[in-house]
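Opening the notebook on a new model today. I want to see what sits in the core and how one strand fits into it.

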Amino acid sequence: MLLNHVSNARGVTCVAEEPPAGLWRASFSIGEVALGISGDGCQPNFGPQLELFRSESSTCDLEIELQWAEEFPDPAGRQLFDSGSVWTLSEDGDGLLFDFSSDAFGAEPYKRLHVDRGFRSGRILLNRKYFREGSQTGPLDYPLDELMVVHRLGRERGVEVHAAGMRDAEGNGYLFLGHSGAGKSTTTRLWNQQHSMTVLSDDRIILRLNEAQHKVWMYGTPWHGEAAFAAPEKCAVQRLFILEHAPDHQPNNRVTPLRGSEAVGEIMARSFLPFYDAASLDNTLSFLQEIVAALPCYRLEFRPDGSAVEAVRQFRS
Amino acid sequence: MKQEDNDSVPKKLYEAPKIMTINLRPEEAVLGNCKISGTGGPSGGSCVALRCSTIGS
C-alpha cells in the first residue's frame, strides 16, 4: 500500500492510493479522527458499531496495514506503560509498540501494533497461532481502535471523555460525564423516554472546540455502554454536567456550578488520556482549560427518576 | 491619577490556595476493564471472538 504524505491544517496526513486488486482498504471517521486500514485477503469484520462510522475518505490521520505473524519477539525497547489488563506499551526503535494479551489465548500477544510516534502510520500484526484468516476477529477490536483515537486526539485539539451525550429536538446538546456506575446509561434512558432525543453515545464522547465560534462540539463514538447507543453524529454542547448519584438523604436533584481548576480536574478525571506521554497531557490540559472557558460546567447530583430530566431542562444559572 | 484609581477599585478578599482531591478511576481511564466479566479486558468467556460489546463503562 503506497502512502503519500500531504500537509493539511492539522499537520501531516496520509493519502492512500487505490489498493491493487486482491487488496482491501477501509476507513472510519470517529470524532473527526480518520483511520484507514488495509490488507490483503478477505476484508475482516469490523463489527456493527464501528461500521456505523465507516467513511469513504482516502485522506486519513492514521493509516494502518493489517498483517499476520507467527512470531512475536519480546519488545526490544523499554516498557513505557502497563495498563494492568490487556495492553502494554513499549519503545520500538523510533516508534512505539502496543501488545495485546489475554489469558483467553495464551502467553503470547494475540495482537500487536507498531506505530510511529506521531501516530500517522503503522501496522497491526494478528497472531496466526490464535486466529485464522477469515475468522470473526476484528483487527480494530477494543481496546485498539479506541487507543489509536485517544493517542491521535492527544496530538490534536480534542479529548475523549467518559460521558453520555444527546441532542433534543431543538438541537440543544446535553453532556453528562461520569465514572462507571454514575448513571450515564440510566440518564440516557430517562431522557430518551421523556423527550425525543438523538443519543450520540451513552458512554464515550469526543469533544472538540470550534475556536471561531467559541463553541464546544461533541461527537458520538462506536464505544457504547449498557444502553447501547452509538451514533456517528455531532452536536454543539450547551452545558456540561458531572454526573453523580444524589446521596440517599437528599430527596431532590441538585445542580452546582463548577469553575476553573475544579471543573478541569473533574473533566480530566473522566477523560481517556495517554498518561505516559507528558506532551499529550500538557496539550490536553490546556485544551480542557479552553473547554471550561467556553462551556458552563455543573455538578449534577441526580435522583434516578424523571425528575432529574426536568431539573436539568429548567435549571437556569 | 494612578493613586486615585487604585483607591476607587475595591480590593478582593484574599483566598488562600486550596488543594482539591479529584477521584480518578485508573482501571477505567486506561481502557482496560470489561463490564460483564469484571476482569481486565475481554475475557473470552463473555465475548465472542474477543469482540467485547460491553467495554468498561
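My entries on the core and one strand follow.

Ground rules: this is a predicted model, so I note that local features need pLDDT of at least 70, side-chain atom pairs count only at pLDDT 80 or more, and totals for chains, interfaces and linings use all residues. Residues are numbered from 1 along each chain as its sequence is written, with chains lettered from A and ligands numbered from 1 in the order written.

Core: I looked up the largest nonpolar core (buried Ala, Val, Leu, Ile, Met, Phe, Trp, Tyr and Cys joined through C-beta atoms within 7 Å). Among its 80 residues, A:L35, A:L175, A:L177 and A:I205 touch the most other members. Helix α2 of chain A (residues 144–154) gives the most, 6 residues. Domain 1 (3–154) and domain 2 (158–314) of chain A both contribute, so the core lies between them; the bounds come from an automatic or database domain assignment.

Strand β14(A): I went to residues 173–177 next and found 5 of 5 buried. Buried means 20 or more other C-beta atoms within 10 Å of a residue's own, with C-beta atoms placed from the backbone. A:G173, A:L175 and A:L177 cover one face, A:Y174 and A:F176 the other. Helices (H or I, at least four residues) and strands (E, at least two) are DSSP runs, numbered from the N terminus.

Neighbours: β14(A) pairs (at least two DSSP bridges) antiparallel with β13(A), residues 158–167, over 5 bridges. On its other pairing, 4 bridges join β14(A) to the parallel β19(A), residues 239–245. I see A:Y174 bridged to A:M166 and opposite A:R239 in β19(A).

Terms used
Buried ≥ 20, exposed ≤ 12 C-beta atoms within 10 Å, placed from the backbone.
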